Amino acid sequence: MSNIKKFLGKRVKELRKKRNFTQEKLAELTGIEIPSLSNIENGKNYPNSETIGKLANALNIRPF
């Protein structure tokens with residue numbers, strides 16, 4: 001499971017940077033707290049399905 005968390009976090013971070021979003025901007029767009037977003041990007045936390053949907057919408061990608 002930790003490999004999935006790390007992979008997902010790395011991908012979120014890549015997509016965020018590709019769109020020139022700061023963590024603060026992505027957090028604002030999704031309603032996620034900055035520390036929570038940081039934990040997702042660092043592979044410490046796995047987001048629930050609602051959060052995955054919010055991230056996908058903000059990053060303009062399909063979640064699956």
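A crossing of two helices is right-handed if the near helix is turned clockwise from the far one by less than a right angle. This description applies to two helix pairs in the predicted model examined here.

The packing of α2 against α3 was considered to begin with. Helix α2 spans residues 23-30, and helix α3 spans residues 34-41. The two pack at an angle of about 110 degrees. Their axes lie 9 Å apart. Angles of 65 to 115 degrees count as roughly perpendicular, and α2 and α3 are therefore roughly perpendicular to each other. The crossing of α2 past α3 is right-handed. On the α2 side, the contact involves Q23, E24, L26 and A27. On the α3 side, these meet I34, L37, S38 and E41. Four residues of this contact are nonpolar, two are polar and two are charged.

Helix α2 also packs against α4. Here the axes come within 9 Å and cross at roughly 115 degrees. Helices α2 and α4 are therefore roughly perpendicular to each other. This crossing, too, is right-handed. L26, L29 and T30 of α2 make the contact with K54, L55, A58 and L59 of α4. By class, five of the contact residues are nonpolar, one is polar and one is charged. L26 of α2 thus appears in the contact with α3 and again in the contact with α4.

A further pairing joins α1 and α3. The axes of these helices come within 7 Å, and they cross at roughly 115 degrees. From α1, the contact draws on K5, G9, K10, V12, K13 and R16. From α3, it draws on L37, I40 and E41. Charged residues number five in this contact, alongside three nonpolar and one polar. L37 and E41 of α3 contact α1, and both also meet α2.

The largest pocket was examined next. About 230 Å³ of space lies within it. Its lining is made up of 15 residues. Nearest the centre of this pocket lie L8, V12, I52, I61 and P63. Two elements give two or more residues to the lining, namely α1 (2-18) and α4 (49-59). The largest share, six residues, comes from α1. By class, the lining has 13 nonpolar residues and two charged ones, with no polar residues. V12 links two parts of this account: this residue lies among those nearest the pocket centre, and V12 of α1 also takes part in the contact with α3.

Technical notes:
Residues are numbered from 1 along each chain as its sequence is written. This is a predicted model: local features need pLDDT of at least 70, side-chain atom pairs count only at pLDDT 80 or more; totals for chains, interfaces and linings use all residues. Side-chain values use heavy atoms; hydrogens and water are left out. Axes are lines fitted to C-alpha atoms, for helices over the stretch in contact, and angles run from 0 to 180 degrees between N-to-C directions. Helices (H or I, at least four residues) and strands (E, at least two) are DSSP runs, numbered from the N terminus. Angles under 35 degrees count as roughly parallel, over 145 as roughly antiparallel, 65 to 115 as roughly perpendicular and the rest as oblique. Contact means heavy atoms within 4.5 Å. Ala, Val, Leu, Ile, Met, Phe, Trp, Tyr, Cys and Pro count as nonpolar, Asp, Glu, Lys and Arg as charged, and the others, Gly among them, as polar. On a 1 Å grid over the protein atoms alone, a cavity is a set of points where a 1.4 Å probe fits but cannot get out, and a pocket is an open set with protein on both sides within 12 Å along at least five of seven lines; lining residues have an atom within 4 Å of a point. Grid points are joined across faces, edges and corners, and a volume is the space filled by probe spheres set on the points.
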